[in-house]
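Reader: Could you take me closely through the site of the ligand in this model, with its shell, its contacts and the pocket that holds it? I would like a connected account rather than a list.

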Amino acid sequence: MSHKAGFVNIIGNPNVGKSTLMNAFVGEKLSIITSKAQTTRHRILGIVNGEDFQMVLSDTPGIIKPAYELQSSMMGFVKSAFEDADVLIYMVEIGEKALKDERFFEKIKNSTIPVLLLLNKIDISEQGMLEEQVQYWQEQLPNAEIHPISALQNFNVTEVFHRILELLPEAPAYYPKDQLTDKPERFFVNETIREKILQFYKKEIPYAVEIDTEEFFEDEKIIRMRSVIMVERETQKGIIIGHKGAALKRVGVEARKDLEKFFEKQVHLELYVKVNKNWRNDPNQLKRFGYNN
Ligand SMILES: Nc1nc2c(ncn2[C@@H]2O[C@H](COP(=O)(O)OP(=O)(O)OP(=O)(O)O)[C@@H](O)[C@H]2O)c(=O)[nH]1
Ligand SMILES: [Mg+2]
């Protein structure tokens, strides 16, 4: 029996729905999703296994012009996704024009591997708009195959999945067939907490936060976790904790609910907040938090 396998890397501007699509393909909430830009900070693998195929998807951070070291590292993940792709998925949302970074756009244009341009969020578009957009992207990227989809409403997602399968090269599996992702359990704890912070806090707060899960201890009935929420300034620490600790408590309660679903087990989650000045620009710390590429 022949076997297909390959890397299918999803890139695009922030907030277009890359993580939503990867989760839809994998059928698990591997990547966090929020309405804010720069939700994803890492390259996260989602592996879909079949008897005669293995599709290794990569969710990546949205493309931006980096203003600090963390963002440079995030763009390093995007770069790496260009290097090993067998199929490139360039996701745009309806109404959007071109990438925020021209060099990346040129790379897509000159790509020698198959490019699928997914025009996402068509559930919120009008028919005339859709036709105009398809035409626009066809002119911009003559080498790409264009598929309108709605990752959120699961419209055209299965069809695109099958199209990708057709494009995958013949190859043996890269990972064990029961493996779902490349990230350890603690990563998903960090991300779940960060998702709550993106949802509950305003302005620059979520961008100044990093999570480090220091303890993850699983016994028969319960998983005990302790995580530190790092911020850059004292004032941010106060905001995260909130009046009488109410804001932090809300983060803990909501994160725990999601983690219990994710791990299918009872969870005890302890959170505390620490000021860690300038972590976003400190190469050693960034490396420790997994931002090396
Ligand atoms: N209406 C609509 N909204 C969508 C669709 N796909 C994603 N969204 C929403 O768009 C927002 C961003 O989705 P994400 O999947 O986090 O986007 P992303 O490209 O991974 O964003 P970054 O990680 O920040 O680059 C969320 O509020 C999603 O619910 C879609 O097909 N239709
Ligand atoms: Mg994302």
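**The site of ligand 1**

Author: Helix α1, which spans residues 18-26, is the element that contributes most to the shell around ligand 1, supplying three residues. The model is a predicted one, and what follows should be read with that in mind. The shell as a whole counts 23 residues, and those that come nearest to ligand 1 are K18, T20, T39, T40 and D123. Sorted by class, this shell is made up of 12 polar, seven nonpolar and four charged residues.

From the shell one can go on to individual atom pairs. An oxygen atom of ligand 1 lies 2.9 Å from a backbone N or O atom of G17, and a backbone N or O atom of T39, a residue also listed among the nearest, is 2.8 Å from an oxygen atom of the ligand. With K121 the partner is in the side chain, where an N or O atom is found 3.0 Å from an oxygen atom of ligand 1. Each of these pairs counts as a polar contact because the cut-off for such a pair of N or O atoms is 3.5 Å. As for cover, ligand 1 taken alone exposes 660 Å², of which the protein buries 90%.

The space that ligand 1 takes is the largest pocket of the model, and this pocket holds about 360 Å³ of space. Its lining consists of 26 residues, with N15, G17, T20, I33 and T34 lying nearest the centre of the pocket. G17 therefore appears twice in this account, with a backbone atom paired to a ligand oxygen and as one of the residues nearest the pocket centre. Helix α1 again gives the most, with three residues in the lining of the largest pocket, and by class that lining has 12 polar, nine nonpolar and five charged residues.

For comparison, it is worth setting the second largest pocket beside this one. About 290 Å³ of space lies in the second largest pocket, and 18 residues line it, those nearest its centre being H42, F187, N190, F289 and G290. The elements that give two or more residues to this lining are α6, residues 185-200, and β7, residues 210-218, with α6 providing the largest share, five residues. By class, the lining of the second largest pocket has eight charged, six nonpolar and four polar residues.

Note on methods: Residues numbered from 1 in each chain as written. Chains lettered and ligands numbered in written order. Predicted model: local features only at pLDDT ≥ 70, side-chain atom pairs only at ≥ 80, totals over all residues. Heavy atoms only, no water. Near = heavy atom within 4 Å. Polar contact = N/O pair within 3.5 Å; in protein donor to acceptor, adjacent residues only side chain to side chain. Areas by Shrake-Rupley, 256 points an atom, 1.4 Å probe, with all protein chains shown as cover. 1 Å grid on protein atoms, 1.4 Å probe; cavity = no way out; pocket = protein on both sides within 12 Å on 5 of 7 lines; lining within 4 Å. Sits in = over half its atoms within 2 Å of the grid points. Helix = DSSP H or I, 4+ residues; strand = E, 2+ residues; numbered from the N terminus. Nonpolar A, V, L, I, M, F, W, Y, C, P; charged D, E, K, R; others polar. Points joined across faces, edges and corners; volume = space filled by probe spheres on them.
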